[in-house]
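Thanks for sharing this one. Here are a few notes to read alongside the model.

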Amino acid sequence: VGLPILRKARLKKGSEVQVSVRKDETVYGHPVPKELKELLALDEEGKKYWDQLTNGAQRSLIYYINSAKSVDKRIERSLLFINRLKETKGAWKPGKN
């Protein structure tokens, strides 16, 4: 376990802890940001191209959007990616500029 997690849990190196493991039931391994959900619900064309992305590409974008701490930044990132998909008619893939 890394130092940030130890600090957050107020533990010291060598502390004994109990852990449990459970299956991740989410589709993408991360929760879909509500900002992205709302955008996809409002934008039919963007949703069409989003649905054509692989699960891995969707997961990468969801992770990146979720990494923004502010709502405004998550909205900005969601708009950026959906608009880029629409501009390229779905040809754009994450990581391929």
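1. V17 sits in the loop that runs between α1 (3-8) and α2 (34-42). Helices here are DSSP runs (H or I, at least four residues) and strands likewise (E, at least two), numbered from the N terminus.

2. A word on the source: this is a predicted model, in which local features need pLDDT of at least 70 and side-chain atom pairs count only at pLDDT 80 or more, while totals for chains, interfaces and linings use all residues. Residues are numbered from 1 along each chain as its sequence is written, and side-chain values use heavy atoms, with hydrogens and water left out.

3. The protein has 5 helices and 0 strands, giving the pattern α-α-α-α-α along the sequence. Along the principal axes, its C-alpha atoms fill a box of roughly 55 × 30 × 25 Å.

4. V17 also joins L11 and V19 in a nonpolar surface patch, together offering about 270 Å² of accessible area. Such a patch takes residues with over 30% relative accessible area and no salt bridge, with nonpolar side chains (Val, Leu, Ile, Met, Phe, Trp, Tyr) joined within 5 Å; areas come from the Shrake-Rupley method with a 1.4 Å probe, and only the protein chains shown count as cover for residues.

5. How many salt bridges are there? The count is 4, each a side-chain nitrogen of Lys or Arg within 4 Å of a carboxyl oxygen of Asp or Glu. One pairs R74 with E35 (3.1 Å, N to O). R74 belongs to helix α5 (residues 71-87) and E35 to helix α2, so this pair ties together parts 39 residues apart in sequence.

Definitions and conventions
Patches are made of residues with over 30% relative accessible area and no salt bridge: like charges are joined within 9 Å, nonpolar side chains (Val, Leu, Ile, Met, Phe, Trp, Tyr) within 5 Å.
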